[in-house]
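Student: I would like to learn how to read a model like this one. Can we take it feature by feature?

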Amino acid sequence: QVQLVESGGGLVQAGGSLRLSCAASGSILSIYAMGWYRQAPGKQRELVALITTGDHRGDNTNYTDSVKGRFTVSKDNAKNTLYLQMDSLKPDDTAVYYCYADDGTQDYWGQGTQVTASS
């Protein structure tokens with residue numbers, strides 16, 4: 001029903017920036033929530049940021065405490081693309097980042113993209 005393809009990962013020095021993109025295709029009109037998860041080696045997968053349908057002022061966004069003030073999630077509905085702007089990257093941000101979508105029936109996942117912030 002929904003396909004997700006991430007891009008934009010890479011290797012940067014601590015303090016640098018990256019922007020991840022997630023292109024959605026298929027039955028995209030059924031999606032009511034999208035977000036980013038990450039999983040570091042030996043760690044559990046954790047939610048990084050989530051964006052859901054909001055009111056007339058825009059969508060609602062939520063972030064895990066460790067990335068607040070540094071990461072920004074946004075969505076371009078015309079392009080069916082989700083973004084994660086990551087600034088002031090830290091070594092602890094190093095992980096595989098996964099795009100996520102929820103259509104109310106099941107979850108969808110991208111293939112993951114590696115983000116490495118070196119010290």
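The dialogue below goes through strands, sheet, core, loops and pocket.

Tutor: Ground rules come before features. This is a predicted model, where local features need pLDDT of at least 70, side-chain atom pairs count only at pLDDT 80 or more, and totals for chains, interfaces and linings use all residues. Residues are numbered from 1 along each chain as its sequence is written, and side-chain values use heavy atoms, with hydrogens and water left out.

Student: Which way do the side chains along β1 point?

Tutor: In a regular strand, side chains alternate between the two faces of the sheet. Strands are DSSP runs of E, at least two residues long, numbered from the N terminus. In β1, V2, L4 and E6 point to one face and are buried. Q3, V5 and S7 point to the other face and are not buried. Buried means under 20% relative accessible area, exposed means over 50%, and partly exposed lies in between, with a 1.4 Å probe and protein chains only.

Student: What is the strand order in the open sheet of four strands?

Tutor: Pairing comes first: two strands pair if DSSP finds at least two bridges between them. The order here is β1-β3-β8-β7, with antiparallel pairing. β1 and β7 stand at the edges with a single partner strand each, so one side of each has no neighbour in the sheet. The twist averages 15° from one strand to the next, with axes fitted as lines to C-alpha atoms and angles running from 0 to 180 degrees between N-to-C directions.

Student: How many bridges join β1 and β3?

Tutor: Six, in the antiparallel sense. V2 stands opposite G26 in β3. S25 is in β3 as well. The C-alpha atoms of S25 and Q3 are 5.2 Å apart, though 22 residues separate them along the chain. Leaving out residues up to four places away in sequence, S25 touches Q1, V2 and Q3; contact means heavy atoms within 4.5 Å. S25 counts as partly exposed because its relative accessibility is 35%. At the other edge, β7 and β8 pair antiparallel over six bridges, and D76 faces T81 in β8.

Student: Which residues have the most contacts inside the largest nonpolar core?

Tutor: A nonpolar core is a set of buried Ala, Val, Leu, Ile, Met, Phe, Trp, Tyr and Cys residues joined through side-chain atoms within 4.5 Å. The largest has 27 residues, with L4, M34, W36, L84, M86 and Y97 making the most contacts inside it. Strands that each supply at least two of its residues include β1, β3, β4 and β9. Beyond four places in sequence, the contacts of Y97 include L20, W36, F71, L84, M86 and V115.

Student: Where does N80 lie, and what is its phi?

Tutor: N80 is in the loop between β7 and β8. Its phi is near 55°, positive in a residue other than glycine. N80 counts as partly exposed because its relative accessibility is 31%. S88, in the loop between β8 and β9, has a positive phi near 50°. At 40% relative accessibility, S88 counts as partly exposed.

Student: Which residues lie nearest the centre of the largest pocket?

Tutor: Rolling a probe the size of a water molecule over the atoms shows where empty space is left. A pocket is an open set of points on a 1 Å grid over the protein atoms alone, where a 1.4 Å probe fits, with protein on both sides within 12 Å along at least five of seven lines; lining residues have an atom within 4 Å of a point. Of the 17 lining residues, I28, I31, M34, K75 and N77 lie nearest the centre. β5 gives the most to the lining, with three residues.
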